[in-house]
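Colleague: I have a model open and would like to learn how to read it. Could you take me through it step by step?

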Amino acid sequence: MVQTVVVREPGGPWVLEEARLPEPGAGQVHVRVDAVGLCRTDVSLAHGGLPTKFPLVPGHEGVGTVLTAGPGAGYSAGDRVVFVWTAPCGSCWYCARGEGALCERPPAEGRTPSVELSDGTLVVPGLGLGAFAEEIVASVASVRALPIPLPDAQAAVLGCAVSTGFGAVRSTAGVAAGESVVVIGAGGVGLCAIQTAKDVGAGPVIAVDPVAERRDLALKYGADLALEPGLTLPARVREVTDGRGADHVLECVGKSATIRQAWTLARRGGQVIVVGAGAKTDLVQFSALELFHSGKTLRGSVHGSFDVDSELGLLCERVAAGAYDLAGLVGEPMGLDRMPEALAALDAGSGGRSVFAPALTRARR
Ligand SMILES: [Zn+2]
Ligand SMILES: [Zn+2]
C-alpha cells in the first residue's frame, strides 16, 4: 500500500489515503515519487474546472525513480525520470511536427480509474500521473529520462513551472533580445517566464502581481519592474515601452480579467499569450473592431508549447548554465500530510513553489 492524496468529487477536500497500485503493464513504469510540486493547475483540476474524472489523485509536476518497468517500456529500475503531464506519444501528427504539447493521443491512464483505495474505490491518476503519492504507475509517454543531476525538489519543477515558463517565452512567443515582455502572475510559472525572458536578453521585463511578496520575488528573479494591477497599470507599461505597450504579454493566471488586462498592455501588433489554465465557464469578450484594428495576436500556450523531446536538452543546458534560480524557487520539501498548508499558501499567493517529498509523509494512522 502507498499513501496518496485523493479528491473524491469536484471541489472536495484533499485527503491522504492508503491505496494499492496496479502492476505496470506493457508500456508502463512503476515509479517512486521523489519530489512533486503543487501547481495551480492541480487546484483547477480538483475543482472540476478542467476536464477530468473523479475521484482523482492530483499532482503532475515531479521527479521519481523507476522501480519496475512493464514489457517494452524501455526503462530499468533505478532510472531517474521527470514527469511530463502533456505525455507526448512521439508519433502522432502533432508530435511529428514538434508540437508534442498538443499530442492527439493522450494516454488512457488519465481516464482510467486504476488506483484502488482500501474501501475498494477506484481512483483516476490525474493527468495520467496522480503524482501526489509515494509511488505511481504511469505510461512511458508521461515520463522522460532526466539528463542532468539536480536535487529532487529542483528537478521536480522542471516538469511544469520551468518548462512552461521556458516554452511560453521561447517557443510560443518567440521572444527576441531587446523586446519588451510583461508577465502577469508571478507564481511558479511566471517567475520561470521572467527568468527565461532575461536569459534570452529581453527588456524591459515587467512583472504584474497584486501580492507584494510576489512582486519582490519577481524583482529578485530579474524583472526590471514589478507593478500592481490597477487603473494606472497600462500607463506605467507604456511609460517604459516608448508609449507603445509591450511586444509580448504572458498571462500566467488563466482568468478572463487578467486576459483582458494582458490585451490592454500589449502594443498594437503585439502578442498576448494565454499560459494560465482557466475554466470553461470563464468567458472573455473582445469586440470585432478591437481584434481587427489592434493587429494583436492572441495565442493559447499549452504547457508553454514545450516540446519535451526536442527541447528538454536545451532547457537542462540553460538550467546547468545557471539561468534559473531553482534553489530559491522551491521551498523546503515537506510530507504530503502538509498539503493543507501548501494549498493555503497557494491561495494567499505567498512564497515560491511548494514541493513535497512523499517519503517524508507522516502516516495518517
Ligand atoms: Zn502545472
Ligand atoms: Zn503524439
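Modeller: Happy to; we will go through the domains, one helix, the core and one side chain. Keep in mind that this is a predicted model.

Colleague: Let's begin with the overall layout. Into which domains is the protein divided?

Modeller: There are two entries in the assignment: domain 1 covers 2-146 + 331-360, and domain 2 covers 161-302. Their C-alpha centres are 28 Å apart. Where they touch, domain 1 supplies 15 residues and domain 2 supplies eleven residues. On the domain 1 side, helix H1 (residues 40-46) gives the most, with three residues. Sorted by class, that side of domain 1 has four nonpolar, eight polar and three charged residues.

Colleague: Now helix H5. Why does its length agree with what one should expect?

Modeller: A helix should advance 1.5 Å a residue, so the twelve residues of H5 (residues 188-199) should span 16 Å, and the end C-alpha atoms are 17 Å apart, which agrees. Just after H5 comes Gly 201, with a positive phi near 90°.

Colleague: Is H5 mostly covered or mostly open, and what covers the buried residues?

Modeller: As a general idea, an α-helix has 3.6 residues a turn, so residues three or four places apart point the same way. In this case, ten of the twelve residues of H5 are buried, including Gly 188, Leu 191, Cys 192 and Thr 196. Among the elements covering them are helix H4 (161-172), strand E11 (181-184), strand E14 (246-251) and helix H11 (326-329).

Colleague: And the core: which residues touch the most other members?

Modeller: In soluble globular proteins, nonpolar side chains tend to be buried together. Here the largest nonpolar core has 109 residues, and Val 157, Val 182, Val 183, Ala 193, Ile 194 and Leu 250 touch the most other members. H5 gives the largest share of this core, six residues. Both domain 1 and domain 2 give residues to the core, so it lies between them. As for Val 157, its contacts beyond four places in sequence include Gly 37, Val 162, Gly 188, Leu 329 and Val 355.

Colleague: One last residue, Phe 166. Is Phe 166 buried or exposed?

Modeller: Phe 166, in helix H4, has 28 other C-beta atoms within 10 Å and is therefore buried. Beyond four places in sequence, Phe 166 touches Cys 192, Thr 196, Gly 304, Phe 306 and Leu 315. Gly 304 is 138 residues away along the chain, yet the C-alpha atoms of Phe 166 and Gly 304 are separated by 7.0 Å.

Methods
Residues are numbered from 1 along each chain as its sequence is written. Chains are lettered from A and ligands numbered from 1 in the order in which they are written. This is a predicted model: local features need pLDDT of at least 70, side-chain atom pairs count only at pLDDT 80 or more; totals for chains, interfaces and linings use all residues. Helices (H or I, at least four residues) and strands (E, at least two) are DSSP runs, numbered from the N terminus. The expected span of a helix is 1.5 Å times one less than its number of residues. A residue is buried if 20 or more other C-beta atoms lie within 10 Å of its own, exposed if 12 or fewer, and partly exposed in between; C-beta atoms are placed from the backbone. Two residues are in contact if their C-beta atoms, placed from the backbone, lie within 7 Å. Domain bounds come from an automatic or database domain assignment. Ala, Val, Leu, Ile, Met, Phe, Trp, Tyr, Cys and Pro count as nonpolar, Asp, Glu, Lys and Arg as charged, and the others, Gly among them, as polar. A nonpolar core is a set of buried Ala, Val, Leu, Ile, Met, Phe, Trp, Tyr and Cys residues joined through C-beta atoms within 7 Å.
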